Amino acid sequence: MDRIVVKTAGKVQYELIRKTNRRRIALRVTDDARVVVSAPSRTPRTTIDRFVTDHVDWIERKLAAVGSLPKTLPEHTYTDGDRFLVFGEEKILKVQRGGVATATCKLVEDTLVVHARSGAKGTAIGKAISLWYVELGNQVYGELVKKWLGRIGYAGANRPVVVSMASYPKRMGSCSQKGELRFAVRSLMLPLPLVDYLALHEVAHLVHFNHGASFKQLLESCMPDWKLRQHEMSSLRIRTAHI
Ligand SMILES: [Zn+2]
């Protein structure tokens, strides 16, 4: 096994690992933003370069995601300067005190503004923020689910599809046989293309209640790069946390 650094025509710098027991080329972006390619020892460099340039969009998206998420989310303080992730981007908390009975939260550009009564504690501020996330989730997933239902031409089972948010500790979403789609509040911390994939994934379960070949075929026809998004989602999953 040798390990070298090269540059491709597509300006992507990557580390190449040659492996005698490998059959196919594999590509990954590490958490510290390195592009690593594993390839069978006999695959020509031109083939490997082409493979990398063919996946340049994915590499760029992945690098952006890795760069935009902090290594570990700091413990929330619920005071000015606290950071929250919204669709892969950091928003800074600003607490304005006085003049209201119950804390409310809104997003103003890159600032999450919480209006709270003067003596409000962190828990009250956290509650306002988590309500804000739930509202955002209902709205965003509501729209995305509607879009995918239309795309796949879902006729439904005599009852409307219901979308709601849940505080799942591990899973990102669920779909019940009654047509209830639930999404983890923490999934809203993921970049939007992954949120879109998650919406499609759960909508596709309304048609195929498993992860079988037909289910995958449906994903493929709606979103050709779904596998990359799913892979990206599992690698970012650990970085999302409760609010
Ligand atoms: Zn599933």
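Tyrosine 78 sits in the loop between helix H2, residues 56-68, and strand E5, residues 83-86. This is a predicted model, so please hear every value as computed. Phi of tyrosine 78 is near 55°, which is a positive value in a residue other than glycine. Is tyrosine 78 buried or exposed? Tyrosine 78 counts as buried, because it has 20 C-beta neighbours inside 10 Å, and the cut-off for buried is 20 or more.

Now a second loop residue. Glutamate 109 is not a glycine either, and its phi is positive, about 55°. Its loop runs between strand E7, residues 104-108, and strand E8, residues 111-116. Glutamate 109 counts as exposed, because 7 C-beta neighbours lie inside 10 Å.

Let me step back to the whole chain. The protein has six helices and eleven strands. It has 243 residues, and 29% of them count as buried. Take the contacts with a separation of 6 or more: 44% of those are between residues 24 or more positions apart.

Next, the nonpolar core. In soluble globular proteins, nonpolar side chains tend to be buried together. The largest nonpolar core here has 44 residues. Which of its residues touch the most other members? They are Val114, Ile125, Ile129 and Ala199. The elements that give two or more residues to this core are E5, strand E6 (89-97), E8, H3, strand E9 (162-166), strand E11 (180-184), H4 and helix H6 (226-236). The largest share comes from H3, with ten residues.

Look at valine 114 on the structure. Leaving aside neighbours within four places in sequence, valine 114 is in contact with Leu93, Val95, Ala103, Cys105, Ile125, Ala128 and Ile129. Apart from the core of 44 there lies another core, of nine residues, among them Leu27, Val35, Ile48 and Val52.

On to helix packing. Two packed helices are described by the angle between their axes and the distance between the axes. I have three pairs, and H4 is in each of them.

The first pair is H3, residues 122-152, with H4, residues 192-207. Their axes come within 9 Å and cross at roughly 50°. H3 and H4 are therefore oblique to each other. H3 passes H4 in a right-handed crossing. On the H3 side, the contact is made by Val140, Tyr141, Leu144, Val145, Trp148, Leu149 and Ile152. On the H4 side, it is made by Val195, Asp196, Ala199, Leu200, Val203 and Val207. By class, the contact has twelve nonpolar residues, no polar ones and one charged.

The second pair is H4 with helix H5, residues 213-222. Their axes come within 10 Å and cross at roughly 135°. H4 and H5 are therefore oblique to each other, and the crossing is right-handed. H4 makes this contact with Leu200, His201, Ala204 and Val207, and H5 with Phe215, Leu218, Leu219 and Cys222. The residues divide into seven nonpolar, one polar and no charged.

The third pair is H4 with H6. How do these two helices lie? The axes come within 9 Å and cross at roughly 110°. That makes H4 roughly perpendicular to H6. From H4 the contact takes Pro193, Leu194, Tyr197 and Leu198, and from H6 it takes Trp226, Arg229, Gln230, Glu232 and Met233. By class, these are six nonpolar, one polar and two charged residues.

I will finish with two residues and their partners across the sequence. Valine 134 is found in helix H3. Valine 134 counts as partly exposed, because it has 17 C-beta neighbours inside 10 Å. Valine 134 and methionine 165 are 31 residues apart in sequence, and their C-alpha atoms are 6.1 Å apart in space. Leaving aside neighbours within four places in sequence, valine 134 is in contact with Met165 and Val185.

The other residue is serine 174, in strand E10, residues 173-175. Serine 174 is partly exposed, because 14 other C-beta atoms lie within 10 Å. Serine 174 and alanine 199 are 25 residues apart in sequence and 9.9 Å apart in space, C-alpha to C-alpha. Alanine 199 has come up before: it is one of the residues of the largest nonpolar core that touch the most other members, and it takes part in the contact of H3 with H4.

How values were computed. Residues are numbered from 1 along each chain as its sequence is written. This is a predicted model: local features need pLDDT of at least 70, side-chain atom pairs count only at pLDDT 80 or more; totals for chains, interfaces and linings use all residues. Helices (H or I, at least four residues) and strands (E, at least two) are DSSP runs, numbered from the N terminus. A residue is buried if 20 or more other C-beta atoms lie within 10 Å of its own, exposed if 12 or fewer, and partly exposed in between; C-beta atoms are placed from the backbone. Axes are lines fitted to C-alpha atoms, for helices over the stretch in contact, and angles run from 0 to 180 degrees between N-to-C directions. Angles under 35 degrees count as roughly parallel, over 145 as roughly antiparallel, 65 to 115 as roughly perpendicular and the rest as oblique. A crossing is left-handed if the near helix is turned anticlockwise from the far one by less than a right angle, and right-handed if clockwise. Two residues are in contact if their C-beta atoms, placed from the backbone, lie within 7 Å. Ala, Val, Leu, Ile, Met, Phe, Trp, Tyr, Cys and Pro count as nonpolar, Asp, Glu, Lys and Arg as charged, and the others, Gly among them, as polar. A nonpolar core is a set of buried Ala, Val, Leu, Ile, Met, Phe, Trp, Tyr and Cys residues joined through C-beta atoms within 7 Å.
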